[in-house]
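Subject: Structure handover

Hello,

Here is the structure I promised to pass on. Please open it first, then read the notes underneath.

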Amino acid sequence: MSKAERPSGREPVRLAVRKTYKLYIGGAFPRSESGRSYVVTSSKGDFLANASKASRKDARDAVSAARKAFGGWSGATPYNRGQILYRVAEMLESRRAQFVAELTDTGTKKAGDVVDAAVDRLVWYAGWTDKIASVVGATNPVAGPYFNVSSPEPTGVVAVVAPDEPLLGLVSVIAPVIATGNTCVVIASERAPLPSITLAEVLATSDLPGGVVNILTGSVREIAPWLAAHMDVNAVDLTGVTDPELAVRCEQEAAENLKRVLRPAVTDWSADPGTRRLTAFLETKTVWHPTGV
């Protein structure tokens with residue numbers, strides 16, 4: 001029925017098309033295999049969406065995807081990784097309005113400034129990809145007929161508990177991990193997961209290979225110990241763990257296969273991040289080579 005044929009005084013009625021928020025694993029957006037979800041509300045208590053509640057199998061799938069992606073990503077040139085991070089910043093900028101709206105729903109003040117800071121943070125880490133090796137690598141003096149060179153290498157798969165700062169904090173924990181060649185599995189903010197999944201959509205359209213970043217939503221208390229105990233995870237970032245008892249449990253689980261652990265800390269995400277997070281998940285490879293050969 002055309003508008004002209006529609007009885008006067010009656011406006012067309014549209015059904016609400018609510019978005020279904022899913023996980024981000026291996027570059028795809030699967031539902032939780034458990035079929036579970038939980039209600040996400042705004043800072044005023046209004047219903048926003050149902051988000052997937054990741055299960056133990058989802059966590060295992062995410063680790064498997066991260067491991068599969070590690071070889072290609074760590075083998076890419078630092079310059080290439082920097083280009084892709086810059087592309088992520090471009091795509092995030094293009095969806096600025098959506099992020100501002102989502103952050104406003106979480107109660108974030110000056111949401112526009114927060115989005116701008118997140119874009120700048122990505123550009124900052126993009127610039128570090130081909131410089132960090134020069135800063136932390138070295139040619140070492142030795143007493144003997146050898147060259148001795150130390151260079152940084154990515155640790156591997158990093159499990160990250162994101163802080164309850166839905167965008168700037170999230171970007172600030174993901175970017176340094178992947179800038180140095182690691183891949184990661186991220187547990188999003190449980191309170192405000194929607195910007196995390198929107199960021200996943202940005203990552204999926206930013207030339208970032210699938211599996212480099214995997215994002216799970218759901219219960220931090222439930223998922224974090226599984227990842228800390230997973231024998232194919234090489235390091236754990238507990239930045240977003242606010243429960244001291246849970247942090248200790250994760251550290252104990254991580255000790256089983258000698259994972260690197262970045263302990264929880266109160267962080268001002270608007271401050272200069274420095275290089276601490278870039279070096280937190282790097283190993284040092286030292287090569288001895290005889291001179292004159």
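Below is what I found, starting with the annotated domain.

This is a predicted model: local features need pLDDT of at least 70, side-chain atom pairs count only at pLDDT 80 or more, and totals for chains, interfaces and linings use all residues. Residues are numbered from 1 along each chain as its sequence is written, and side-chain values use heavy atoms, without hydrogens or water.

The domain. An unreviewed UniProt entry annotates residues 34-261 as "domain: Aldehyde dehydrogenase". Such annotations may be inferred rather than shown by experiment. That stretch is 50% helix and 18% strand. Its end C-alpha atoms are 29 Å apart. Helices (H or I, at least four residues) and strands (E, at least two) are DSSP runs, numbered from the N terminus.

Helix α9. This helix has 12 residues, 244-255. Its buried residues (under 20% relative accessible area, 1.4 Å probe, protein chains only) are L246, A247, C250 and A254. They sit on the same side of α9, because they cover an arc of only 100° around the axis (taken from the directions from the helix axis to the C-beta atoms). The face turned away from that buried side carries P244, E245 and Q252, which are exposed (over 50%). Among the elements covering the buried residues of α9 are α8 (220-229), β8 (235-237) and β9 (260-262), with contact meaning heavy atoms within 4.5 Å.

K109. This residue lies in the loop between α3 (96-105) and α4 (111-128). K109 is exposed, with a relative accessible area of 72%. The C-alpha atoms of K109 and S64 are 37 Å apart.

Best wishes

How values were computed: Expected span 1.5 Å × (residues − 1).
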